[in-house]
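These are my notebook entries on a structure that was new to me. I record what I looked up, in the order in which I looked.

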Amino acid sequence: MKKKATKSPASAARKPRAVRGRPRVLVLHGPNLNLLGVREPAVYGRTTLAEIDRSLEALGVELGLDVETFQSNHEGALIDRIQAARGKVRAIVINAAGLTHTSVALRDALAAAEVPAVEVHLSNVHAREEFRHHSLLAAVAVGQISGFGPQSYLLALRAVGSWGRSLTERKV
Ligand code: DQA
């Protein structure tokens, strides 16, 4: 017998409407963050990126946000995701890693997206080498959270959770 193409009521029930309707938040991780856990642990700690993503997803459930995470070592791939987020997500949480200090293109993408963004860093970039003190993204972000290790991401997500809809309607 031919299988029905439509979802059965049972499978539809596994994805409740309330979950599908949650505001979406895009979390972007830039170059080399895939190596978290083994990369310079004295600076970045032992927590892996997969563990950070899992804790973001769990906090998202608590806050009623649908968290999508994406890591790339490629500037263009990050820009593509920012462009695709336009009009679709409530906020972008971004740790652009080294690109924070160099990428005009990433900054332009964030400005064009008109989605409020929070800049995140695991380490306190202001307490490190001078070239890390300047962020090209900070001026187009709502704010920056730096120096709290993996907690930086969670604090950023909590900030997004506390905004409500008002900030989405604001042009940033
Ligand atoms: C970083 C800080 C950047 O200066 C650095 O290039 C990174 C990680 C952080 O999370 O502390 O790759 O963004």
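Entry 1, a central strand. I looked up the side-chain directions along β3 and found that A91, V93 and N95 point one way, while I92 and I94 point the other way. All of these residues are buried, whichever way they point. I noted accordingly that β3 is mostly covered, with 5 of its 5 residues buried. The model I am reading is predicted.

Entry 2, the neighbours of that strand. Which strands pair with β3, and in what sense? I found that β1 and β3 run parallel and are joined by 5 bridges. Within this pairing I noted one partner for H29, namely N95 in β3. β4 also pairs with β3 in the parallel sense, over 3 bridges. There I recorded V93 opposite V118 of β4. I then followed the chain and noted that β3, α6 and β4 make a right-handed β-α-β unit.

Entry 3, the residue V118. I listed the contacts of V118, leaving aside neighbours within four places in sequence. They include A91 and V93, both of which lie in β3. Further along the sequence, V118 is in contact with A141, V142, G143 and I145, and also with A156, A159 and V160.

Entry 4, the core. Which residues touch the most other members of the largest nonpolar core? I found V25, A91, I92, V93 and V118, out of 34 residues in this core. I then looked up which elements supply at least two residues each: the strands are β1 (24–29), β3 (91–95) and β4 (117–121), and the helices are α4 (49–63), α5, α6 (104–113) and α7 (151–163).

Entry 5, helix α4. I checked the length of this helix against expectation. At 1.5 Å a residue, the 15 residues of α4 should span 21 Å, and the end C-alpha atoms are indeed 21 Å apart, so the two values agree. Next I noted that I52, L56 and G60 are buried in α4. Why do they count as lying on the same side of α4? They cover an arc of only 80 degrees around the axis, and therefore they share one side of the helix. On the other side of α4 I found R54, A58, V61 and E62, which are exposed. The buried residues of α4 pack against β1, β2 (66–71) and α7. Just after α4, I noted that G64 takes a positive phi of about 75 degrees.

Entry 6, the residue I79. I located I79 in helix α5, which covers residues 75–85. Is I79 buried or exposed? I79 is buried, because 21 other C-beta atoms lie within 10 Å and the cut-off for a buried residue is 20 or more. Neighbours within four places in sequence aside, the contacts of I79 are A105, L106 and A109. These three fall within the range of α6 (104–113). I also compared I79 with R107: they are 28 residues apart in sequence, and their C-alpha atoms are 9.2 Å apart in space.

Entry 7, the whole chain. I closed with the overall figures. The chain has 8 helices and 5 strands, and from the N terminus on its elements run α-α-β-α-α-β-α-β-α-β-β-α-α. Buried residues make up 29% of the 172 residues. Of the contacts between residues at least 6 apart in sequence, 77% join residues at least 24 apart.

Definitions and conventions: Residues numbered from 1 in each chain as written. Predicted model: local features only at pLDDT ≥ 70, side-chain atom pairs only at ≥ 80, totals over all residues. Helix = DSSP H or I, 4+ residues; strand = E, 2+ residues; numbered from the N terminus. Buried ≥ 20, exposed ≤ 12 C-beta atoms within 10 Å, placed from the backbone. Contact = placed C-beta atoms within 7 Å. Core = buried A, V, L, I, M, F, W, Y, C linked by C-beta atoms within 7 Å. Expected span 1.5 Å × (residues − 1). Arc of directions from axis to C-beta. Pairing = 2+ DSSP bridges. Right-handed = clockwise from strand over helix to strand, strands pointing away.
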